[in-house]
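Here is a short tour for someone who hasn't met this structure before. Take a look at the sequence and the model first, and then we'll walk through a few helices together.

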Amino acid sequence: MEQYRLQAIDLTKVYEDGKKGLVTAIDRVNLEVKDGEFVMIVGPSGCGKTTLINILGGLNTATSGEVLLDGKPVQGPGADRGMVFQGYSLFPWLTVQKNVEFGLKMKKMPKAQRAEQAKKFIDLVGLTGFENALPKQLSGGMKQRVAIARTLANEPEILLMDEPFGALDAQTRVVMQELLADISKKTKTTILFITHDIDEAVLLGDRIYVMSRRPGTIREVLDVNIPGVRSHESLVLPEFLATKKKIMDMLWQESMDAAMDQ
Ligand SMILES: Nc1ncnc2c1ncn2[C@@H]1O[C@H](COP(=O)(O)OP(=O)(O)O)[C@@H](O)[C@H]1O
Ligand SMILES: [Mg+2]
């Protein structure tokens, strides 16, 4: 059997909601991420994406099912799975350099090595020269660069990203998508990225899982074959548009079904 970097087996989450009773957020979700792959999950708001990624990251627990990292069951959070969220979650009182060093300090990496490692990842995200800036002095895109550098500096086995560019304006978002495509190519980091944005899914993914509306299930898995390095120029290629259309049709069907249920 092929060993995956990350594997979800029959993950189901049922919330107990005081008002609504039992709410099934995700229903028997199976997915695999191979070493070095850039995998996207796309689905409508409320379909259980955050629930799913938080279970994979160990921040939430499944009602049933299992998460395997390198073939071994995982429980709870760990530095082996680096998470990046929409909110930047930086320490406001620490400089860029200190924010990126934070996890390394926790791991007791010696000071000089820590500084060097942080510098390397600050450079990777294009923030050289901003080492001594505080988060409040940075734009949204720059803060998210710091969050990415901080997570990558810990050298996780996989990067789990939950709509990390959702709060950015459209132009900044494309710049950040290009940056992440470039980082993935350079560092070969394994990435699982969740979004409700179809363009984002097709632009970044090697493979895309399309989720149904709640209770979230995996509707379809698509391979993306877009030639060359992914950039804003990919957004108008025929291969891009064909994949985008397929997903739009699937999600359109989902919202029609939802409207009929009202
Ligand atoms: N702690 C919770 N308690 C009860 N219901 C929840 C909780 N968290 C999420 N839900 C519900 O689960 C569903 C999926 O939510 P979520 O995973 O945040 O979806 P998404 O990230 O795709 O928007 C929603 O209907 C939401 O209201
Ligand atoms: Mg969400």
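When two helix axes are compared, angles under 35 degrees count as roughly parallel, over 145 as roughly antiparallel, 65 to 115 as roughly perpendicular, and the rest as oblique. Keep in mind that what you're looking at is a predicted model.

**How the helices pack**

Let's start with two helix pairs. Two packed helices are described by the angle between their axes and the distance between the axes.

| Helix pair | Angle between axes | Distance between axes | Citation |
|---|---|---|---|
| H3 and H4 | about 135° | 9 Å | |
| H4 and H5 | about 25° | 10 Å | |

With an angle of about 135°, H3 and H4 are therefore oblique to each other. Their crossing is right-handed. On the H3 side, the residues involved are Gln 117, Ala 118, Phe 121, Ile 122 and Leu 124, and they meet Ala 149, Leu 152 and Ala 153 of H4.

Now for H4 and H5, which pack at about 25°: that makes H4 roughly parallel to H5. The crossing of H4 and H5 is right-handed. Gly 140, Gly 141 and Gln 144 from H4 make the contact with Thr 172, Val 175 and Met 176 from H5.

**A closer look at H4**

How many of the 14 residues of H4 are buried? The count is 12, so H4 is largely enclosed by the rest of the structure. Among the buried ones are Met 142, Val 146, Ile 148 and Leu 152, and the list also includes Lys 143, Arg 145 and Arg 150. The cover over the buried residues of H4 includes strand E6 (81–84), helix H2 (96–106), H3, E7 and H5.

The length of H4 works out too: at 1.5 Å a residue, its 14 residues should span 20 Å, and the end C-alpha atoms are 20 Å apart, which agrees. Just past the end of H4 comes Glu 155, with a positive phi of about 50°.

**On to H5**

Helix H5 covers residues 170–187, and its 18 residues should span 26 Å at 1.5 Å a residue; the end C-alpha atoms are 26 Å apart, so that agrees as well. Which residues of H5 are buried? They are Arg 173, Met 176, Gln 177, Leu 180, Ile 183 and Ser 184. Looking down the axis of H5, these buried residues fall within an arc of 125°, so they line one face of the helix. Over on the other side of H5, Gln 171, Lys 185 and Lys 186 are exposed.

Covering the buried residues of H5 are, among others, strand E3 (38–42), helix H3 (111–124), helix H4 (140–153), strand E8 (191–195) and helix H6 (198–204). After H5 comes Lys 188, where phi is positive, near 55°.

**Two residues to find**

Try spotting Leu 168, in the loop between strand E7 (158–162) and H5. Leu 168 has 19 other C-beta atoms within 10 Å, so it is partly exposed; a residue counts as buried at 20 or more. Leaving aside residues up to four places away in sequence, Leu 168 touches Gly 140, Gly 141, Gln 144, Arg 173 and Met 176. The C-alpha atoms of Leu 168 and Gln 86 are separated by 9.1 Å, with their positions 82 residues apart along the chain.

Then there is Ala 242, in helix H7 (residues 238–261). Is Ala 242 buried or exposed? With 12 C-beta neighbours inside 10 Å, Ala 242 counts as exposed.

Terms used:
Residues numbered from 1 in each chain as written. Chains lettered and ligands numbered in written order. Predicted model: local features only at pLDDT ≥ 70, side-chain atom pairs only at ≥ 80, totals over all residues. Helix = DSSP H or I, 4+ residues; strand = E, 2+ residues; numbered from the N terminus. Expected span 1.5 Å × (residues − 1). Arc of directions from axis to C-beta. Contact = placed C-beta atoms within 7 Å. Axes fitted to C-alpha atoms, helices over the stretch in contact; angles between N-to-C directions. Left-handed = near helix turned anticlockwise from the far one by under 90°.
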